[in-house]
Amino acid sequence: PDGGTSFLNSFLSYQVTALASVGPSIEEVSQKVECDFTMDNFVDSASYDGQSLDMVGDKNSWSQVKTISFDLVPEAFLVVCGRNQEGNSCANGGFAIKCT
């Protein structure tokens, strides 16, 4: 009945992958990943490889950057869950992330 906006409000998934063509395999080298992100409007949780992540930043303010970090795991998923305050996420919801 809501045109799919409930799904958009409750689940966003971003797969983090890394490829190395030269040097040790990813299993031999620990790589720390740090991500800055925001979501309109509220962030409920973030997890990576099935483990809950600690988050720095106000989860209830879309205008404030949130930061998470984790050790890279091959084929793992980063999952950020949140919701929009307004009724139509396709028109006014948002999610932005940058990982290094």
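These legends accompany several close-up views of a predicted model.

**View 1. The largest nonpolar core gathers 14 residues.**
Let us begin inside the protein. The residues with the most contacts within this core are C35, Y48, L53, I68, F70, L78 and V80. Four strands each give two or more residues to the core: β2 (32-40), β3 (42-48), β5 (66-71) and β6 (77-83). Of the contributing elements, β2 gives the most, with 4 residues. In soluble globular proteins, nonpolar side chains tend to be buried together.

**View 2. C35 and its neighbours are shown together.**
Stay with the core for a moment and look at C35, one of the residues with the most contacts inside it. Leaving aside residues up to four places away in sequence, C35 touches K66, T67, I68 and F70, and also L78, I97, K98 and C99. Several of these names will be familiar from the previous view: I68, F70 and L78 are, like C35, among the residues with the most contacts inside the core.

**View 3. An open sheet of 3 strands runs in the order β5-β2-β7.**
The pairing in this sheet is antiparallel. Because β5 and β7 (94-99) stand at the edges with a single partner strand each, one side of each is left without a neighbour in the sheet. From one strand to the next, the twist averages 25 degrees. Looking at one pair, β2 and β5 are joined by 6 bridges. Here V33 has F70 in β5 as its bridge partner, and F70 is also among the core residues with the most contacts.

**View 4. β3 and β6 pair in the antiparallel sense.**
This pairing extends over 6 bridges. To find your place along the two strands, look for F42, which stands opposite R83 in β6. β6 is mostly covered, with 5 of its 7 residues buried. Both β3 and β6 are among the elements that give two or more residues to the largest nonpolar core.

**View 5. S61 sits in the loop between β4 (51-52) and β5.**
Is this loop serine buried or exposed? S61 counts as buried because its relative accessibility is 17%, and the cut-off for buried is under 20%. The side chain of S61 makes a polar contact of 3.2 Å with the side chain of S63. Further along the sequence in either direction, not counting residues up to four places away, S61 touches T38, N41 and K66. K66 may look familiar, since C35 touches K66 as well.

How values were computed:
Residues numbered from 1 in each chain as written. Predicted model: local features only at pLDDT ≥ 70, side-chain atom pairs only at ≥ 80, totals over all residues. Heavy atoms only, no water. Core = buried A, V, L, I, M, F, W, Y, C linked by side-chain atoms within 4.5 Å. Buried < 20%, exposed > 50% of the residue type's maximum accessible area, 1.4 Å probe, protein only. Contact = heavy atoms within 4.5 Å. Polar contact = N/O pair within 3.5 Å; in protein donor to acceptor, adjacent residues only side chain to side chain. Pairing = 2+ DSSP bridges. Axes fitted to C-alpha atoms, helices over the stretch in contact; angles between N-to-C directions.
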